[in-house]
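Me: I would like to go through this structure with you, starting with the annotated positions. May I put some short questions as we go?

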Amino acid sequence: MAIPLSIQWINNQLIILDQQKLPHETEYIALNTIEDVYDAIITMKVRGAPAIGITAAYGLALAAQKHDTETLEVFHHFVKKDAVYLASSRPTAVNLAWAIGRLQQVIQSAKTLAAAKAEILAEAKRIHQEDEEACRTIGGYALDLLEGRSRVMTICNAGSIATAKYGTALAPFHLGKELGREFEVFACETRPVFQGSRMTVWELQQSGVDVTLITDSMAAHTIGAKGVEAIIVGADRIAANGDTANKIGTFNLAILAAAYKIPFYVAAPASTFDLQIPNGKNIPIEERSAKEITHIAGQQVAPNGTKVYNPAFDVTPAQYITAIITEKGIIHPNYERNIPELFATVK
Ligand code: MRU
């Protein structure tokens, strides 16, 4: 039993788990160019907010190593162009822009081309390492909050393979396993891409966590029938007031948690917060292809020419969120006051 990883930097090569192929195949592929990285993100070979950020960081670093320019100024120009290209791959998870921004920042002070190239790669590795540490810390805080509650529901995959390791929403289950604390996890299948059935169920099985699959429409019934005691989800972008974008269907679960009076927790690293935007109305919501809905595993399940609306994320208003679990600490309402305060006081 082992917690699976999605991103590895081995012998100067970026290796990712091809999540498109789960659960049938566990295939690791090398991404050698910035185009490979862009394609892997947009086609969701790698997905999950922190994992996208880490992969994009390595992608920018990979491209930077190949820019042999006369001056640092021209080098900066190329890196900026690469950054714009990568940032356009997926719009909702802010971790992508955040990671790319960190790399662009770090090369500002480099005095030589060689130093800039070394720094940009070192920063990508730091982002990768820091995310693992953040997720482990989040897992510890989540275990505290879940004290006395063992039946927990989740949606999508906010797990180890969506981050550097451990995950955010799934971190307490992995960590619980290491510490001998058992959970019964109910995973929503997460139509239309099936991150719940294909990834969360697979990932938790890999680490020996008890997991039960349900379809998304079974959530309300299951909470009552199986005595679910809490819901925990990840996030793609959290606004300054706590409004949270996450996988489509998350808002439904938040409303159910309120109806059943059970806690609804969001788990996310600091890199998922976007304090520049005041509330969820400003979060860009990615819309994906109609085919994700009209077809399942290549099989058409709707009439030809069906009109489709396919938003990949929704925004849960802050008022539905019991607490937001970060590596900097647990944030309770009032979020409008407590989010900026935590970011100002904890570095
Ligand atoms: O479209 P995806 O699979 O990238 O969406 C992923 C999610 O919504 C996750 O819950 C979120 O990114 C957090 S991952 C720790």
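Reply: Please do; note that this is a predicted model.

Me: Which residues does UniProt give for "binding site"?
Reply: The unreviewed UniProt entry places that feature at Arg 47, Gly 48, Ala 49, Arg 90, Gln 195, Asn 246 and Lys 247. In the model, the lining of the largest cavity takes in Arg 47, Gly 48, Ala 49, Arg 90, Gln 195, Asn 246 and Lys 247 from this set.

Me: Let us take Arg 90. Where is Arg 90 found?
Reply: Arg 90 is in the loop between helix 3 (72–87) and helix 4 (94–106).

Me: Is Arg 90 buried or exposed?
Reply: Arg 90 counts as buried because its relative accessibility is 6%, and the cut-off for buried is under 20%.

Me: What does Arg 90 touch, leaving out residues up to four places away in sequence?
Reply: Its contacts include Arg 47 and Lys 247, both of which also appear in the UniProt "binding site" list. Among the others are Ile 41, Ile 42, Met 44, Glu 286 and Phe 313. With Glu 286, the side chain of Arg 90 makes a polar contact of 2.9 Å.

Me: And Gln 195, which helix holds that residue?
Reply: Gln 195 lies in helix 7, which covers residues 195–206. Gln 195 counts as buried, because its relative accessibility is 1%.

Me: What is Gln 195 in contact with, beyond four places in sequence?
Reply: Gln 195 is in contact with Met 44, Arg 47, Cys 156, Asn 157, Glu 189, Thr 190, Thr 200 and Lys 247.

Me: Moving to the "active site": which residue does UniProt list?
Reply: The unreviewed UniProt entry lists Asp 236. Asp 236 is placed in the loop between strand 7 and strand 8 (237–239). With a relative accessible area of 7%, Asp 236 is buried.

Me: Which residues does Asp 236 touch, again without those up to four places away?
Reply: Ala 49, Asn 246 and Lys 247 are among them, and these three names are also in the "binding site" list from UniProt. Asp 236 also touches Thr 92, Ala 93, Val 94, Asn 95, Ala 245, Thr 272 and Phe 313.

Me: You mentioned strand 7. Which of its residues are buried, and on which side?
Reply: Strand 7 covers residues 230–233 and has both faces covered. Ala 230 and Ile 232 are buried on one side, and Ile 231 and Val 233 are buried on the other. In a regular strand, side chains alternate between the two faces of the sheet.

Me: Which strands pair with strand 7?
Reply: Strand 4 (residues 151–154) pairs with strand 7 in the parallel sense over two bridges, and Met 153 stands opposite Ile 231 there. Strand 10 (residues 264–267) also pairs with strand 7 in the parallel sense, over three bridges. In strand 10, Tyr 265 is the bridge partner of Ile 232.

Me: What about the sheet that includes strand 8?
Reply: That is an open sheet of four strands in the order 11-8-9-14, with mixed pairing. Strand 11 (273–274) and strand 14 (313–316) are at the edges with a single partner strand each, so one side of each is left without a neighbour in the sheet.

Me: How is strand 14 joined to strand 9?
Reply: Four bridges join strand 14 to strand 9 (residues 244–247), and the two run antiparallel. Lys 247, listed by UniProt under "binding site", has Phe 313 in strand 14 as its bridge partner. Helix 9 (residues 250–260) packs on this sheet, touching strand 9 and strand 14. The direction of helix 9 makes about 35° with that of strand 14.

Me: Now the sheet with order 1-2-3: how many strands, and what pairing?
Reply: Three strands form this open sheet, and the pairing is antiparallel. Its edge strands are strand 1 (7–10) and strand 3 (28–31). From one strand to the next, the twist averages 30°. Helix 1 (residues 34–42) packs on the sheet and touches strand 2 and strand 3.

Me: How many bridges join strand 1 to strand 2?
Reply: There are four bridges between strand 1 and strand 2 (residues 13–17). Trp 9 stands opposite Leu 14 in strand 2.

Me: Last topic: where is Thr 294 found?
Reply: Thr 294 is in helix 10 (residues 291–294), and is buried at a relative accessible area of 11%. The side chains of Thr 294 and His 295 are joined by a polar contact of 2.8 Å.

Note on methods. Residues are numbered from 1 along each chain as its sequence is written. This is a predicted model: local features need pLDDT of at least 70, side-chain atom pairs count only at pLDDT 80 or more; totals for chains, interfaces and linings use all residues. Side-chain values use heavy atoms; hydrogens and water are left out. Buried means under 20% relative accessible area, exposed over 50%, partly exposed in between (1.4 Å probe, protein chains only). A polar contact is a pair of N or O atoms within 3.5 Å; within protein, one must be able to donate a hydrogen and the other to accept it, and residues adjacent in sequence count only if both atoms are side-chain atoms. Two strands pair if DSSP finds at least two bridges between them. Axes are lines fitted to C-alpha atoms, for helices over the stretch in contact, and angles run from 0 to 180 degrees between N-to-C directions. Contact means heavy atoms within 4.5 Å. UniProt positions are given in the numbering used here, feature names are shortened, and annotations may be inferred rather than shown by experiment. On a 1 Å grid over the protein atoms alone, a cavity is a set of points where a 1.4 Å probe fits but cannot get out, and a pocket is an open set with protein on both sides within 12 Å along at least five of seven lines; lining residues have an atom within 4 Å of a point.
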